[in-house]
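Biologist: Please give me a close look at one part of this model, the packing of a single pair of elements. Then set that part against the rest of the model.

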Amino acid sequence: MNSTNTKEIKSTSTSNVKFPYYPGCTLKTTAKNFENSAIATARALGVELLEIPRWNCCGTVFSLAQDDLIHHVASVRNFIRVQEMNDYGLVKNENRLVTLCSMCFNTLKSTNRRMKENTEDLQKINELMYREEDYKGNVEVLHFLELLKSLGYDKIRDKVTKPLKDLNIAPYYGCMILRPKEIAIDDPEDPTIQKHILEALGVSVIDTPYKKVCCGSYQTVKDKYIVAELAYDILTHARKKGAEAMTTVCPLCAFNLDQRQQAVKEKHPDFEEMPVFYITQLMTIAFGMDKEVYGFDQNYVDPRPLLKSKSLIED
Amino acid sequence: MEDNKSPIMDRIAEANKAATTGIDAKDIENWITIHIMGKAYEVPADLTILTAMEYAGYKFVRGVGCRQGFCGACATVFRKKGDYKLQTGMACQTRAEDGMYLVQIPFTPAEKAVYDVTKEPYEASVFIKYYPEVTRCVSCNTCTKACPQDLEVMDYVQAAIRGDFDGLSDISFDCIQCGLCAMRCPAEIVQYHVAQLGRRMFGRYGLGVPDHLRKRVKEITEGKFQNEMDKLVSCSTEELRKIYTERDKEPE
């Protein structure tokens with residue numbers, strides 16, 4: 001019911017390279033715009049994100065307790081599904097599992113690392129899941145940004161039909177794709193992967209040290225004002241440096257930086273709203289795609305007035 | 001538990017046996033011993049757990065229903081001789097085996113949420129609202145192993161978490177609400193209630209009104225069945241009884 005667009009997108013291309021794709025629960029609900037725009041941009045770049053069958057929630061947070069194996073079962077079960085995709089020929093010898101959500105990425109990759117480094121843990125989990133085939137430890141967890149990097153920034157540049165000129169954007173990374181450094185997709189102290197992608201799209205990239213400051217993560221559930229203060233710092237600092245909007249690749253960061261601007265305004269009445277994009281939303285515009293895949297109706301701060309003022313969208 | 005020769009139990013068993021097995025004990029060659037709530041009973045081999053318990057003298061008021069594996073009332077948990085695994089099944093569909101330890105679970109304690117599907121948004125948040133514990137699922141799959149209908153219970157819980165009403169309805173369609181999944185779940189999720197909420201939402205929002213229903217409602221409102229209805233309403237009790245007993249029935 002909620003993947004109609006995805007199915008349509010999938011059915012239109014068969015020659016693309018197929019990657020197992022792990023969506024995660026949020027991508028199917030509040031971050032549907034991230035999923036749709038990412039699948040569309042990947043397809044334009046010759047990559048098919050093939051949703052893994054029967055996937056389950058990754059577990060959301062990687063459990064750090066040494067004796068808490070049960071919370072790793074969920075991630076490992078997804079790795080088994082990737083093995084099955086290869087067994088059944090849905091993908092050809094492709095063990096790289098692509099994720100979009102930073103939280104899922106962190107949980108899946110951290111669990112995978114523990115399983116690869118600790119065969120005893122893996123054996124225990126395999127025995128608990130005796131109805132499944134054993135996880136053999138061959139899956140590689142990849143964030144979508146890493147996939148884009150491996151395809152090459154030039155390839156992205158080649159696909160741009162509508163350069164995002166005069167658009168000043170500050171990329172935001174958050175924690176989950178940078179920390180701990182063992183699983184980081186980029187230099188955890190000075191990540192640049194979004195900068196390169198945005199530059200390929202024609203964006204004027206604004207660098208801010210707040211790009212790797214935590215957004216408050218799931219504290220947003222406990223106390224929205226904790227997050228509002230952090231979002232205020234991150235957004236106003238970007239604004240001072242000349243940014244008109246920010247980009248992210250994490251549905252939770254997006255929620256905290258975008259939706260929580262309502263709480264920011266309660267505490268800081270002078271605060272000026274700032275749109276927060278998924279980087280893939282900007283890619284769909286730059287690639288000249290149909291507005292159906294932009295998904296701006298799910299953004300809290302409407303980015304359309306900004307884009308219209310730059311003549312990047314029509315209505 | 002050692003005393004399986006209690007005269008009272010013998011008398012109850014005696015009174016029941018013809019009704020449960022249809023044959024006399026002296027004609028039965030093969031006997032097994034089962035342990036019902038820790039007490040050993042000799043029962044004829046080849047009975048279901050339900051009939052074996054009745055043979056042993058149990059009379060069911062709860063924990064029994066259709067006796068055909070459809071109603072989900074006779075949930076049972078058991079262990080087999082020499083096997084550490086706790087197993088589950090419907091008592092009317094599971095054969096009693098020698099050395100089995102078992103007990104009936106006539107009811108699963110669980111709060112059933114009250115909601116009006118016409119007032120709820122058709123999205124995943126409805127599950128979080130009424131059964132927030134669904135998000136505690138760790139994908140251990142214990143629920144699936146417990147399901148006597150062989151449903152992929154964990155998969156439909158996962159479908160609920162991501163708001164996939166269509167998938168949930170498809171996977172959980174054959175649920176008989178026995179409650180065994182919920183009894184085994186370490187995250188204390190009440191899977192079968194979650195599934196029912198999901199199917200109701202899917203019925204309300206995911207499926208359109210089917211053509212045959214629309215057609216029939218139109219026929220009714222246009223009075224196609226009015227004559228027959230008037231006839232029924234004017235019947236005496238005796239006439240009604242006659243019509244009822246002589247009605248068209250599906251063959252047994």
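Modeller: On the α5(B) side, the residues that meet α6(B) are B:Asp155, B:Tyr156, B:Ala159 and B:Ala160; their counterparts in α6(B) are B:Gly167, B:Leu168, B:Ile171 and B:Ser172. By class, this contact of α5(B) with α6(B) holds 5 nonpolar, 2 polar and 1 charged residues. Two residues are in contact here if their C-beta atoms, placed from the backbone, lie within 7 Å. Ala, Val, Leu, Ile, Met, Phe, Trp, Tyr, Cys and Pro count as nonpolar, Asp, Glu, Lys and Arg as charged, and the others, Gly among them, as polar. An α-helix has 3.6 residues a turn, so residues three or four places apart point the same way.

This is a predicted model, in which local features need pLDDT of at least 70 and side-chain atom pairs count only at pLDDT 80 or more, while totals for chains, interfaces and linings use all residues. Residues are numbered from 1 along each chain as its sequence is written, and chains are lettered from A and ligands numbered from 1 in the order in which they are written. Helices (H or I, at least four residues) and strands (E, at least two) are DSSP runs, numbered from the N terminus.

The axes of α5(B) and α6(B) are 8 Å apart, and the helices pack at an angle of about 160 degrees. α5(B) is therefore roughly antiparallel to α6(B). Axes are lines fitted to C-alpha atoms, for helices over the stretch in contact, with angles from 0 to 180 degrees between N-to-C directions; under 35 degrees counts as roughly parallel, over 145 as roughly antiparallel, 65 to 115 as roughly perpendicular and the rest as oblique. The α5(B)/α6(B) crossing is left-handed (the near helix is turned anticlockwise from the far one by less than a right angle; clockwise would be right-handed).

The two helices also take part in the interface. There, 17 residues of chain B are in contact with 16 residues of chain A. On the chain B side, α5 (153-161) and α6 (165-172) are the elements that give two or more residues. α5(B) gives the most, with 4 residues. That side of chain B divides into 7 nonpolar, 5 polar and 5 charged residues.

One residue of α5(B)'s numbered span, B:Val157, is among the four that touch the most other members of the largest nonpolar core, which has 151 residues; the others are A:Met246, A:Leu257 and B:Val194. Such a core is a set of buried Ala, Val, Leu, Ile, Met, Phe, Trp, Tyr and Cys residues joined through C-beta atoms within 7 Å. Buried means 20 or more other C-beta atoms within 10 Å of a residue's own, exposed 12 or fewer, and partly exposed in between, again with C-beta atoms placed from the backbone. B:Val194 touches B:Val157 and B:Ala160, and also B:Phe127, B:Tyr131, B:Val134 and B:Ile189, leaving aside residues up to four places away in sequence.

A:Leu257 is one of the buried residues of α11(A). That helix, residues 251-259, is mostly covered, with 8 of its 9 residues buried. By contrast, α9 of chain B (residues 211-221) is hardly covered: 0 of its 11 residues are buried. Just after α9(B), B:Gly223 has a positive phi of about 85 degrees.

For another helix pair, take α8 (residues 193-201) and α13 (residues 279-286) of chain A, whose axes come within 10 Å and cross at roughly 20 degrees. These two are therefore roughly parallel to each other.
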